[in-house]
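Hi there,

Here is the structure I promised to pass on. Have a look at it first, and then read on for my notes.

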Amino acid sequence: MADSKSSNQLSTGKLGIAIAYAIVCISFLLIGNESYAQTGFLSGKIISSSDKETLTGATVILKNSSTKGSVTDIEGNFIVSNVPLGNQIFVVSFIGFKSIEKAVDVVEGENYLGSITLEEDLETLNEVVISAQALGQNTAIREQLNSDAIVNVVSSDKIQELPDVNAAEAIGRISGVSVQRSGGEANSIILRGLNPELTSITINGIKQSPTDANSRAVDLSTVSPDLLSSIEVFKSPTADMDGDAIGGIVNLGLGKAQADLIRMRVFGGYNGLVDEYRNYRGNGIISNRFLDNKLGVAVGGNFERTNRSAESSNIGWDNNTDLERFNVENFNLSITDRVIERYGANLKLDYDYGSGSVISQLFINRKNTDTKSLNNDIGATLIEYNPRHSKVQSDNFQLMLSGEQDLGWFQANWVAARNTSKTDNFYDVEMEFTQFNGVREREDFAYNLDDFYDRQTFDYSEHRLDRYYWEPSKTDHENTTLGLDLKRNFSFGSKTKGFVKLGGKYRADARTRTTGFEIQNWYYLDPDIRNQAASLWPIELVRGGLEGDHIMIDNFFASGNPQVQRKDRYVIHPNFDFGLLDDWHKYQQSTLEYNVDNAVNTYSVDETVTAGYVMAKVVYGDWLTFIPGLRYERSDNEYTGTVSSLADFGSIGNARDTTTFQVYGEFLPSAHLKIHPKDWYDIRLSAVKTLARPNYNQLIPSIRIDASNGKIQKGNPELKHAEAWNFDAFFSIYPKKLGLITFGGFYKKFDNFFARTGRVMGKEEAISQGIPVAVYDVTEDYINFDDSRVYGIEFEIQTNTAYLSGPWQNIVLSFNLTRLWSETLFPRFETVTFYDPELRRVVVDLENSSFVFSKNKLPNQVDWQSNLSLGYDYAGFSIRLSTIYQAAYLTNFNALAEAGLKKFSNRFRDSFLRFDASISQKIGKHIQIMANAANITNTPNRNYLYLARYPTNNSVFGATFDLGLQYKF
């Protein structure tokens with residue numbers, strides 16, 4: 001592996017140098033030969049008069065010519081080459097806008113026309129209302145076709161059409177994207193089979209701060225789609241984008257202020273699982289332009305209260321007795337009352353001053369989650385009852401100031417941004433009650449789940465309080481970004497044009513994670529602790545149990561029925577009063593003791609990334625575009641963690657902070673090729689090198705030492721970042737009547753990938769780590785390895801029937817299908833032992849013990865995934881049915897199991913098929929009634945062990961329904 005890796009690094013370095021050399025040579029050659037051009041070329045930007053937004057897909061065509069022209073790219077820019085010298089007339093047009101004719105006195109070289117403004121065509125806009133879904137689809141198609149990168153787009157119109165409660169749900173409808181769900185809704189995305197932390201999430205190009213406690217994943221459930229103007233998924237980034245994107249880059253767009261826009265929406269909703277009508281949400285935006293459209297001001301906001309309650313069953317299986325028929329070991333039943341509140345605001349200011357513009361944006365999101373859960377854990381002989389109440393507040397804040405400036409011979413773009421995320425689990429209280437001998441004995445094993453459940457019995461007189469916990473935690477992350485891009489257009493001869501672009505970016509991240517775990521552990525052992533609790537409680541406690549003075553569960557019963565019936569046949573015992581749980585914490589918090597084991601979960605991180613790049617875009621004729629680029633990123637990182645051997649609530653052992661550093665640089669070459677022989681199809685090829693940094697818990701130099709049992713859990717501060725080569729090839733056809741059909745494949749090969757493992761630590765290593773000298777069983781560690789890969793094919797069709805007549809002309813169809821394959825290595829430490837006669841026992845032979853690797857697919861990689869959306873518009877009526885399908889996938893591969901039993905320990909997430917629907921009717925010019933139905937069939941989230949007939953988790957969340965009203969002026 002080492003020789004292969006060195007060879008790969010050498011070849012990669014040579015390729016990067018060659019690309020950089022080619023860019024520089026081509027750039028100087030092309031720029032230096034402008035004076036030899038026999039024709040001229042036009043460049044500029046097309047914008048809307050109402051909102052100053054750039055128009056993607058607008059056409060600029062030489063009058064009386066069917067071939068001489070161009071289409072604007074995703075930034076609204078156009079270049080028309082091979083234009084004859086002298087007076088020429090160009091026609092500028094865009095759907096929904098009035099076409100204009102532009103007279104230009106063309107001279108040799110570049111003719112920069114600046115910004116060309118188109119006015120809205122009110123008659124055309126009235127027609128657009130009839131086919132609103134087709135408008136959103138066509139906008140997304142234009143943006144995809146005109147992008148230089150391989151990208152999927154969800155336009156603002158399409159975002160508003162779908163009944164998605166957050167940005168993750170909306171992104172999950174794109175080809176190659178699957179989602180991970182928590183609490184019944186998507187919160188993170190898996191792009192092309194790669195874990196969420198391997199995909200970069202940006203807002204207007206600014207990388208977002210991770211929200212997870214330990215990983216680099218971003219919780220997208222905090223972002224409301226109502227505030228977004230577009231969603232772009234870049235699967236093959238160019239050199240001017242961030243390099244830490246093995247999965248890709250998801251950019252959430254916030255556009256400029258529009259003129260004379262007022263839009264308000266309010267919804268009332270129903271949750272079918274809990275039969276509750278108290279769901280509601282609303283959003284609105286007020287936007288206008290002033291000073292002859294130079295100054296734009298927009299204020300938007302959203303609010304939401306939704307019940308995401310769930311009923312879950314968790315099953316533990318024993319597969320050691322009979323591999324053909326597993327036994328039920330334990331059965332956990334729960335009812336979760338989860339209420340989510342979201343609040344968001346977006347303030348936009350932009351000013352155009354002729355040769356440039358300045359944009360200021362403030363983006364704020366808050367998500368409050370209040371969760372109350374009732375849990376019955378039925379074991380072989382006893383029953384545990386664990387009521388829990390937690391409150392989490394998640395905040396995301398971004399302030400960005402950006403601008404663009406035309407300096408004559410080049411254009412400059414700059415940005416300065418501040419992004420913060422805070423996740424504060426400030427209230428997390430749990431009580432544990434136990435009933436011994438709560439399960440009837442049986443001579444045979446329980447193979448049937450219902451049979452196992454029917455063995456339980458609840459005797460409230462035996463449910464005693466054993467423990468009470470409080471587990472607060474908080475993660476703060478701050479990000480500062482500064483960036484500058486310079487672009488220079490060029491032409492060479494009569495057929496070649498393009499630009500050279502270079503720039504740099506500085507990003508600094510500061511992160512802290514603090515945790516607490518306090519516990520009162522002795523209610524079941526110490527009568528003095530029980531008496532103390534009784535003295536602090538404002539009313540007399542019911543005492544009972546075998547010893548007669550235990551604190552019993554019936555002190556906390558809610559009024560009425562002492563049990564709660566779920567939607568299925570199972571019952572939760574008993575009906576607990578969460579107000580009394582909160583009161584218990586209020587009066588008993590002073591008796592808690594800090595659990596010192598939790599100290600190792602506290603850490604701090606300081607990371608800086610300094611990047612520079614150079615790239616060129618070379619357009620030959622009207623059919624070939626080549627984009628070579630080279631990016632360099634240098635990382636300078638500092639990690640602080642805790643080494644702790646504390647035990648027995650701090651009476652044994654010690655703890656100390658430790659700090660480690662990482663400094664490294666990486667060249668990231670890239671090349672994109674777009675071949676456009678005809679106006680109805682194109683071929684796109686790309687080769688890009690990207691990287692991925694390990695999660696924080698993998699890098700933090702924390703060590704938890706369990707000296708009494710000889711065990712260690714640790715991070716690896718020497719863990720390296722992963723490197724990946726990404727290859728894409730896509731073929732797109734877009735005949736006018738069929739919309740867009742895309743088919744292609746990708747291949748990713750990455751080295752230095754990282755995974756969790758276990759091993760044995762010898763005395764010499766213990767000395768080097770500064771921990772008590774001994775041989776330890778390391779139950780958690782992380783290592784790098786090479787030769788992982790993921791590859792797949794993607795198919796997508798977006799079409800509508802506008803070319804037909806009568807009622808058939810208003811059908812809109814979107815469909816995508818993705819097939820994925822992968823292969824990675826799972827490390828397993830193979831221990832060799834021998835008998836030491838001096839020690840008179842078997843010891844580990846560390847010199848001959850080593851890692852061996854098992855091959856399997858990547859965890860969390862969905863083999864098949866598909867999205868279908870079918871809509872129909874007529875007059876002011878619109879209806880849409882959409883489905884999401886994800887095949888079953890591996891979630892956990894047990895590489896430590898015995899070779900012959902590995903497959904019996906593997907865990908999977910079951911397949912998932914969800915149906916959503918939305919209906920709307922426009923009333924007059926400004927009012928629209930809308931109804932949404934999500935998860936109509938109440939599809940459960942289901943996990944299983946080895947085979948689908950052995951479920952480990954089954955959670956249902958119920959269907960939700962919204963009825964709303966929109967006012968748009």
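**What turned up in the model**

Asp786 sits in the loop between S42 and strand S43 (788–800). Please keep in mind that this is a predicted model. Is Asp786 buried or exposed? Its relative accessible area is 7%, so Asp786 counts as buried. A polar atom of the Asp786 side chain lies 2.9 Å from the backbone nitrogen of Asn752.

Now for the wider view. The protein has 969 residues, and 56% of them are buried. Its secondary structure comes to 11 helices and 56 strands. If you take the contacts between residues at least 6 apart in sequence, 70% of them join residues at least 24 apart. The protein exposes about 40,600 Å², and carbon and sulfur atoms supply 55% of that area.

**Salt bridges**

Side chains of opposite charge can pair when their charged atoms come close. In this model the count comes to 46 salt bridges. Here are some that I looked at.

Asp350 pairs with Arg289, with the closest N and O atoms 2.6 Å apart. Asp350 belongs to strand S19 (residues 327–352) and Arg289 to strand S16 (residues 276–290), so this salt bridge ties together parts that are 61 residues apart in sequence. Both Asp350 and Arg289 are buried.

Another salt bridge joins the side chains of Asp476 and Lys422, at 3.7 Å from N to O. Which parts of the chain does this pair tie together? Asp476 lies in strand S25 (residues 473–492) and Lys422 in strand S23 (residues 411–435), so the parts are 54 residues apart in sequence. Asp476 has 17% relative accessibility and therefore counts as buried, whereas Lys422 is partly exposed, with a relative accessible area of 33%.

Then there is Arg759, which forms a salt bridge with Asp781; the closest N and O atoms are 2.6 Å apart. Arg759 is in strand S41 (residues 753–761) and Asp781 is in strand S42 (residues 776–785), so the pair links parts 22 residues apart in sequence. Arg759 is buried at 12% relative accessibility, and Asp781 is buried too, with a relative accessible area of 3%.

There is also a network of salt bridges to look up on screen. It links Lys207, Asp242, Asp244, Lys505, Arg507, Asp509, Arg631, Glu633 and Arg693.

**A strand with two faces**

Strand S37 (residues 703–706) is a nice one to open up in the viewer, with side chains that alternate along it. Ile703 and Ile705 point to one face and are buried. Arg704 and Asp706 point to the other face and are not buried.

What does S37 pair with? With strand S34 (residues 624–644) the pairing is parallel, over two bridges, and here Val643 stands opposite Ile703. With strand S38 (residues 711–714) the pairing is antiparallel, over four bridges, and Ile705 stands opposite Ile712 of S38. S37 and S38 form a hairpin with four residues between the strands, where Gly710 takes a positive phi near 65°.

Happy to go through any of this with you whenever it suits.

Best wishes

Terms used
Residues are numbered from 1 along each chain as its sequence is written. This is a predicted model: local features need pLDDT of at least 70, side-chain atom pairs count only at pLDDT 80 or more; totals for chains, interfaces and linings use all residues. Side-chain values use heavy atoms; hydrogens and water are left out. Buried means under 20% relative accessible area, exposed over 50%, partly exposed in between (1.4 Å probe, protein chains only). Two strands pair if DSSP finds at least two bridges between them. A salt bridge is a side-chain nitrogen of Lys or Arg within 4 Å of a carboxyl oxygen of Asp or Glu. Contact means heavy atoms within 4.5 Å. Accessible areas come from the Shrake-Rupley method with a 1.4 Å probe; for residues, only the protein chains shown count as cover. A polar contact is a pair of N or O atoms within 3.5 Å; within protein, one must be able to donate a hydrogen and the other to accept it, and residues adjacent in sequence count only if both atoms are side-chain atoms.
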